[in-house]
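Subject: Structure for you to look at, with notes

Dear colleague,

I am passing on the structure we spoke about, and below it you will find my notes on what turned up when I went through it. Please have the sequence and the coordinates open while you read.

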Amino acid sequence: MNPAARHAQLCREIAELDHAYYVLDAPKTSDRAYDALFDELRRLEAAQPELVHAGSPTQRVGGAPREGVTKVEHEHAMFSLDNTYDEAAVREFDRRVRDGLRTGSVVHYVAEPKLDGASLSVVYDRGQLVLGATRGDGRVGEEITPNVRTIRGLPLTIDDPRRMTLRGEVVIYKRDLATINQTRIARGEEPFANPRNAAAGSLRLLDTREAAERPLRVLFYELVDRYYATHHEALAAIRTLGLPTHGLHRVCDSLDTLLAFIAEFDLRRSQLPYETDGVVVKVDELAQRDLLGATARFPRWAIAYKYAAERVTTVVRAIECDLGRTGAITPVAVLDPVTVSGSVVSRASLHNSDYVADKDVRVADTVVIEKAGEVIPQVVSVDVGKRPPGTQPWQPPTQCPSCGHAVVRVADEAALRCPNASCPGRLEALLFYFTRRSGMDVDRLGESLIKQLVDTKLLRDVADIFALPEKRESLLALPRMGDKSCENLLASIEEAKRGRTFSQLLTALGIPLLGSVAASTVAGRYRNLRALLERPVEALRDELAEIHGIGPKMIDSLCAYLADPTQRAILEKLLQLGVVANEPEPEPVVTSGPLYGSSFCVTGVLTRPREAVHEQIRAAGGEVLDRVKKGTTYLVIGDKVGDTKLKAAKKQGAQIITEAELDALLQRDMRSS
Ligand code: AMP
Ligand code: ZN
């Protein structure tokens, strides 16, 4: 194939994979296979720069920071929506719409989720993405095209030459917000209160490379151009073009169906990966919209019905200070347990000492709690009228709650920190993180045991975990440590020593900014810790800059970590203690074999390393999943299986089988095929 044709093919394939991953939420390939395609594309473009064009996926991650803000005037004004909070107002809206149309007109409404993010206007022309802009005041917005191009689920090119102006919402998935906030807290930055703030802030970042590191998504809900007679047809067309949409609208032919949709959607929306705060009701037929027109601020053909955020009151019993693995100290309100938006809340973050001071939250206060954007419980306000006599304003700690070291407040940071690198509390937080599922998965090492082991100095750093098998005597001397639990602990350590991938190890180290996705990208490139440590840090810097998905801040953070002698010593110690953590070779994708068409999730302790089981399954054509999801065929269980996996399997209809049954499956099928 000639290079130009191959280039076009790669661009198309990568765009398809992005679409599957970011829009359909159904990845078609492994990260590694994706990276391989991307590498090939990059090499091709390096050899033949004339092939590079704006539609190439390599052009998503912009170059130099924007100089400043450029304003753009919207060709069509971006409206706000009239907000209502009750059914009566929706009825009233329906009446106004009917009054505004010829008597006897048939009115259809489209009801769709009101997405809670930042609004975005995008223009395609001759199939190319040519403009991205914020709403601004509705008439003039900010031009943010370079940042918009970094949004992965957004095609840079579409298969339609017409000029199209689309409106959508930029959102951040709830689960992604948690990751962003962990990093921000680790850096001493204020966490985002909700995905909306995170999305809006990220879109407007001046440094495009930084924006590219944010997990932004866009969902379109409006085609401005009049190419279709109805809104629902426009939504269908948007979808057919491969543009991301919510896909959750319903055409309603009566007020009753509309109200039913509003009620039903409220029950479903907490399951969605992104935030919604209501339903937008729009007249479906565009000709009718034209008849209705708009006021200065709102179209008369649409209305937003907003769900009230559930708020409850409870009492603050204590204000504790949580210590993170990087030393950040976060005040947390300990509450009388209450149910908010479907779950019981007994602690709420107070973010930082300024926040506590601003709201003047005191122990014994009655406070109003709300789940900010449904995820993180927040203290919204204090009911000062209910404050008992004799309370005192909360005093921020002057000493670390764990080691007593004087806390510091880094300039420009809202967070207080314990600067003591050998602080036991920080170490406990790090050990806890290190041993979680996403990391080294030492399931027998729980929070209280970690604390005991740190107190007794059996653990002074993360590497010491792997020296525990040599210290059986000391372990058995611990209170509440029986023979059996000691054996189990050591077995789970042995398993972690050999059964983890390099990406798990890198994730577990908790290097600031290096989340599990970035960690697995780096792991795929270097394959094991020894190889990574052997690279001179400066060379590493250049190599990392070449890797797709690794941004400059991540590089700084990883290089600083690797240049730190204390950290290096710990990494060397991990190797000496026999931690293997090899990244498996990229699997050639098997498209036949006895297990082809079935998917497997393996859990618990098996007689052989989990990776080996995974390999066998893949070799036989089966698909390996790291969690049970919809459509998973089998959950293979070993010893010590977590309840959640079993529940998930039952819920999703996966068949639960033992390791022996898996072997039988493998064997029987081998013979019969
Ligand atoms: P408001 O900001 O309260 O005036 O509400 C208007 C905003 O709602 C618009 O600018 C959009 O960003 C946002 N919005 C979210 N979902 C939708 C939707 N499905 N249709 C129209 N607007 C939406
Ligand atoms: Zn400390």
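To begin with a single residue: does Leu 129 count as buried or exposed? Leu 129 counts as buried, because its relative accessibility is 6% and the cut-off for burial is under 20%. Please keep in mind throughout that this is a predicted model, and that the values below are computed from it. Leu 129 is found in strand β5, which covers residues 128–134, and its C-alpha atom is separated by 45 Å from that of Val 368, a residue 239 positions away along the chain.

The ligand

You will probably want to look at ligand 1 next. There are 14 residues around ligand 1, and those that come nearest are Ser 119, Arg 135, Glu 169, Tyr 221 and Lys 282. Sorted by class, the shell is made up of six nonpolar, three polar and five charged residues.

Three polar approaches to ligand 1 can be described, two of them to the backbone and one to a side chain. An oxygen atom of the ligand is 3.3 Å from a polar backbone atom of Leu 81, while a nitrogen atom of the ligand is 2.9 Å from a polar backbone atom of Pro 113. On the side-chain part, a polar atom of Lys 282 lies 2.9 Å from a nitrogen atom of ligand 1. Taken alone, ligand 1 exposes 490 Å², and the protein buries 87% of that area. Two elements give two or more residues to the shell, namely β3 (109–115) and β10 (276–283), and of the elements it is β3 that gives the most, with four residues.

Aromatic rings and charges over them

The count of aromatic pairs comes to seven. One of them is formed by Phe 600 and Tyr 634, whose rings are stacked, with 5.0 Å from centre to centre and 25° between the planes. This pair links distant parts of the chain, since Phe 600 belongs to strand β19 (residues 599–603) and Tyr 634 to strand β21 (residues 634–637), with their positions 34 residues apart in the numbering. Both Phe 600 and Tyr 634 are buried.

There are also two places where an arginine lies over a ring. The charged end of Arg 289 sits over the ring of Trp 301, at 4.0 Å from its centre, and Arg 436 lies over the face of Phe 432, at 4.1 Å from the ring centre.

Backbone angles in two loops

Which value does phi take at His 351? Phi of His 351 is near 65°, which is a positive value in a residue other than glycine. His 351 lies in the loop between β14 (343–349) and α11 (353–359), and it counts as buried because its relative accessible area is 14%, where the limit is under 20%. Leu 513 likewise has a positive phi, of about 75°, although it is not a glycine. The loop that holds Leu 513 runs between α16 (502–508) and α17 (516–526), and with a relative accessible area of 17% this leucine is buried.

Positions across the chain

Finally, here are some residues with their accessibility and a distance for each, in case you wish to find your way around the model. Ala 357, in helix α11, is exposed, because its relative accessible area is 57% and exposure is set at over 50%. The C-alpha atoms of Ala 357 and Ile 547 are separated by 44 Å, with the two positions 190 residues apart along the chain. Arg 268, found in helix α9 (residues 255–268), is partly exposed, with a relative accessible area of 39%, and its C-alpha atom is separated by 28 Å from that of Ser 202, which is 66 residues away along the chain. Arg 149 is placed in helix α4 (residues 145–149) and, at 13% relative accessibility, counts as buried. From C-alpha to C-alpha, Arg 149 and Leu 577 are 46 Å apart in space, and in sequence they are 428 residues apart.

With best wishes

Notes
Residues are numbered from 1 along each chain as its sequence is written. Chains are lettered from A and ligands numbered from 1 in the order in which they are written. This is a predicted model: local features need pLDDT of at least 70, side-chain atom pairs count only at pLDDT 80 or more; totals for chains, interfaces and linings use all residues. Side-chain values use heavy atoms; hydrogens and water are left out. A residue is near a molecule or strand if one of its heavy atoms lies within 4 Å of it. A polar contact is a pair of N or O atoms within 3.5 Å; within protein, one must be able to donate a hydrogen and the other to accept it, and residues adjacent in sequence count only if both atoms are side-chain atoms. Accessible areas come from the Shrake-Rupley method with a 1.4 Å probe; for residues, only the protein chains shown count as cover. Ala, Val, Leu, Ile, Met, Phe, Trp, Tyr, Cys and Pro count as nonpolar, Asp, Glu, Lys and Arg as charged, and the others, Gly among them, as polar. Rings of Phe, Tyr and Trp (its six-membered ring) pair if their centres lie within 6.5 Å; planes under 30 degrees apart count as stacked, over 60 as edge-to-face and the rest as tilted. Buried means under 20% relative accessible area, exposed over 50%, partly exposed in between (1.4 Å probe, protein chains only). A charge sits over a ring if NZ of Lys or CZ of Arg is within 6 Å of the ring centre and within 35 degrees of the ring normal.
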